[in-house]
Amino acid sequence: MFSKSKLLAALLVAATVSCIYSKKSKPSKTEPPQIHKGYLVLGHEAQSFTPCNDSINSYWVLGSSISYELDSLYNKHRHPEPYSEVLLSFSGSIDTTTVRDGFAHSYDGLVTIDSIYKVETLHNKNDCNHKLTDFFEDTFILSSDAIHISAYNYNQKQYTKINVLNCDLSYQHQSNGTLHEIKTADLNNDGVLELYCFYNSNEALLSSKLWAYSFENKTKAIPIKFKTETKKKGYRGFDRFIVYPNYIQREFPLYNDDDSEQQPTAGRWIMTYTLEKENNIYFLVEKPGSYWDSGFTDTAQKASSFETLNRQCFEYFDKSQNKVVSHLELRISDHQFEGLFGWDDGETDAFYGTLIKGTIDDKLLWAEYHYITEGEDMVQEVVFKKIQQGYLQGRGELYEDNGVYRIDRKKEINFATGLFYRAADCH
């Protein structure tokens with residue numbers, strides 16, 4: 001039996017121990033539930049939340065808060081690669097005082113999610129901490145649908161997202177380049193336009209320069225693939241694509257071993273692709289007739305993508321049809337040139353091609369005109385005469401030279417019956 005003095009002493013000891021314990025483990029200070037908005041990352045050994053307007057602190061999301069719904073929404077809206085961020089709005093609390101261990105130890109607190117309000121793909125309009133850079137967006141019509149395209153850099157990678165605005169359809173891809181041009185075409189003449197996204201890139205992979213899609217029944221975007229890739233000695237990238245009504249032309253410079261990227265000296269390679277469908281898969285198929293061009297002089301070759309040359313554009317206006325039916329584009333440097341040439345009156349089969357190996361001789365421009373008609377590769381020499389307002393296309397007697405129809409320069413060239421190309425803006 002305790003005496004009164006012993007009992008009093010025991011109570012004092014118990015009170016002292018209780019005070020010591022309470023000092024060592026303060027009750028955690030947790031914010032009351034409120035609305036939070038910021039960046040969420042989920043994955044193996046990763047579950048973090050970074051608030052908007054706070055680039056310093058990140059918090060560990062408690063496992064009990066990660067529901068099947070949240071995990072599903074995250075994977076739906078994140079960028080293509082794992083561990084990328086989505087924008088999350090939720091009701092819950094952030095605890096910054098409770099002792100953390102394991103993976104949570106390196107974070108600034110713990111997050112409890114009570115209710116999910118919204119999960120969004122990160123884009124320029126909701127990017128509260130400005131993690132996206134070099135943003136580009138545009139909206140245009142593809143067949144009867146409005147298409148919205150956005151492109152941006154995120155974590156040193158380039159992304160492009162395509163949304164069909166009047167239906168629930170979107171597609172996103174990653175490319176090692178900067179989006180610089182978007183074109184539409186119906187290469188296979190099925191009445192449905194395809195979408196072609198072109199990138200500036202010196203990567204060797206074609207997918208880093210051109211992404212293409214076909215949209216079927218407004219239910220899915222089908223990537224268009226290259227069926228084969230031509231491997232050429234001296235290839236380093238810097239592809240240039242040109243979309244014509246029935247095909248795509250691709251050209252790229254070739255390098256000798258000691259060339260710098262700014263000055264290729266081995267000429268260039270030119271090829272064409274048409275669109276084919278095989279087992280419900282769309283392919284860009286390389287057509288026969290690829291050829292090597294010796295290129296320009298050293299002055300012109302310093303333009304790595306041939307874009308900095310003196311570019312001039314002209315058009316032929318047909319008065320009888322009251323419309324432009326033919327186009328001429330010249331890129332001139334040091335008495336040599338290349339260019340584009342084509343005809344499309346809306347009634348006959350359109351054909352476009354390239355002017356190569358062009359030379360300028362006493363105000364006359366001579367060039368080989370390469371084009372495809374009815375599936376055959378054609379080469380015919382053409383000649384233009386410079387006048388004040390533009391160019392006259394001349395006509396002359398042809399003769400065959402190893403498959404090329406050339407104009408006999410020893411005989412008369414008639415410019416009076418030729419076509420007049422007036423100056424026009426380059427697009």
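This report walks through a predicted model of a single chain, from its overall make-up to one pocket, one disulfide and a handful of individual residues.

## The chain as a whole

Let's start with the broad strokes. The chain has 427 residues, and 45% of them count as buried. Its secondary structure comes down to 3 helices and 28 strands.

On the outside, the accessible surface adds up to about 23500 Å², and carbon and sulfur atoms own 50% of that. As for contacts with a separation of 6 or more, 47% are between residues 24 or more positions apart.

## The second largest pocket

Rolling a probe the size of a water molecule over the atoms reveals where empty space is left. The second largest pocket holds about 560 Å³ of such space. It is lined by 24 residues, and those closest to its centre are His-77, Thr-121, Lys-161, Asn-163 and Ser-170.

Which elements build the wall? At least two lining residues each come from helix H2 (68–77) and from the strands E5 (110–121), E6 (132–142), E7 (145–154), E8 (157–164) and E9 (169–175). E9 gives the largest share, with 4 residues. In chemical terms the lining is a mix: 8 nonpolar, 9 polar and 7 charged residues.

## The disulfide

There is 1 disulfide in the structure. It links Cys-52 and Cys-128, with the two sulfurs 2.0 Å apart. What about its handedness? The torsion about the S-S bond is about -75°, so this disulfide is left-handed.

The two ends sit in separate loops: Cys-52 between strands E2 (46–51) and E3 (59–61), and Cys-128 between E5 and E6, so the bond ties together parts that are 76 residues apart in sequence. Both cysteines fall under the 20% cut-off for buried: Cys-52 has a relative accessible area of 17%, and Cys-128 comes in at 18%. Cys-197 is another buried cysteine, with a relative accessible area of 0%.

## Around the disulfide

Two further residues are worth a look here. Gly-38 is part of strand E1 (residues 34–43), and with 0% relative accessibility it is buried. Setting aside residues up to four places away in sequence, Gly-38 touches Cys-52 along with Phe-49, Thr-50, Pro-51, Val-86, Leu-87 and Leu-88. There is also Glu-85, which is 47 residues from Gly-38 along the chain, with 9.3 Å between their C-alpha atoms.

His-130 sits in the loop between E5 and E6, the loop that also holds Cys-128. Is His-130 buried or exposed? His-130 is exposed, at 65% relative accessible area. From His-130 to Cys-52 is 78 residues in sequence, but 9.6 Å in space from C-alpha to C-alpha.

## Two asparagines with positive phi

Most residues other than glycine have a negative phi. Asn-53 goes the other way, with a positive phi of about 60°. Asn-53 is in the loop between E2 and E3, where Cys-52 is found too. Asn-53 is exposed, at 72% relative accessible area.

Asn-322 is the other case to look at, with a positive phi of about 55° although it is not a glycine. Its loop runs between strand E19 (310–318) and strand E20 (323–333). With a relative accessibility of 58%, Asn-322 is exposed.

## Ile-407 and its neighbours

Further along the chain, Ile-407 belongs to strand E27 (residues 404–407). How much of Ile-407 is accessible? The relative accessibility of Ile-407 is 4%, so it counts as buried.

Leaving out residues up to four places away in sequence, Ile-407 touches Trp-366, Glu-381, Val-382, Val-383, Gly-396, Glu-397, Leu-398, Tyr-399 and Ile-413. One of these, Gly-396, is 11 residues from Ile-407 in sequence and 5.6 Å away in space, C-alpha to C-alpha.

Notes: Residues numbered from 1 in each chain as written. Predicted model: local features only at pLDDT ≥ 70, side-chain atom pairs only at ≥ 80, totals over all residues. Heavy atoms only, no water. 1 Å grid on protein atoms, 1.4 Å probe; cavity = no way out; pocket = protein on both sides within 12 Å on 5 of 7 lines; lining within 4 Å. Points joined across faces, edges and corners; volume = space filled by probe spheres on them. Nonpolar A, V, L, I, M, F, W, Y, C, P; charged D, E, K, R; others polar. Disulfide = S-S within 2.5 Å. Buried < 20%, exposed > 50% of the residue type's maximum accessible area, 1.4 Å probe, protein only. Contact = heavy atoms within 4.5 Å. Areas by Shrake-Rupley, 256 points an atom, 1.4 Å probe, with all protein chains shown as cover.
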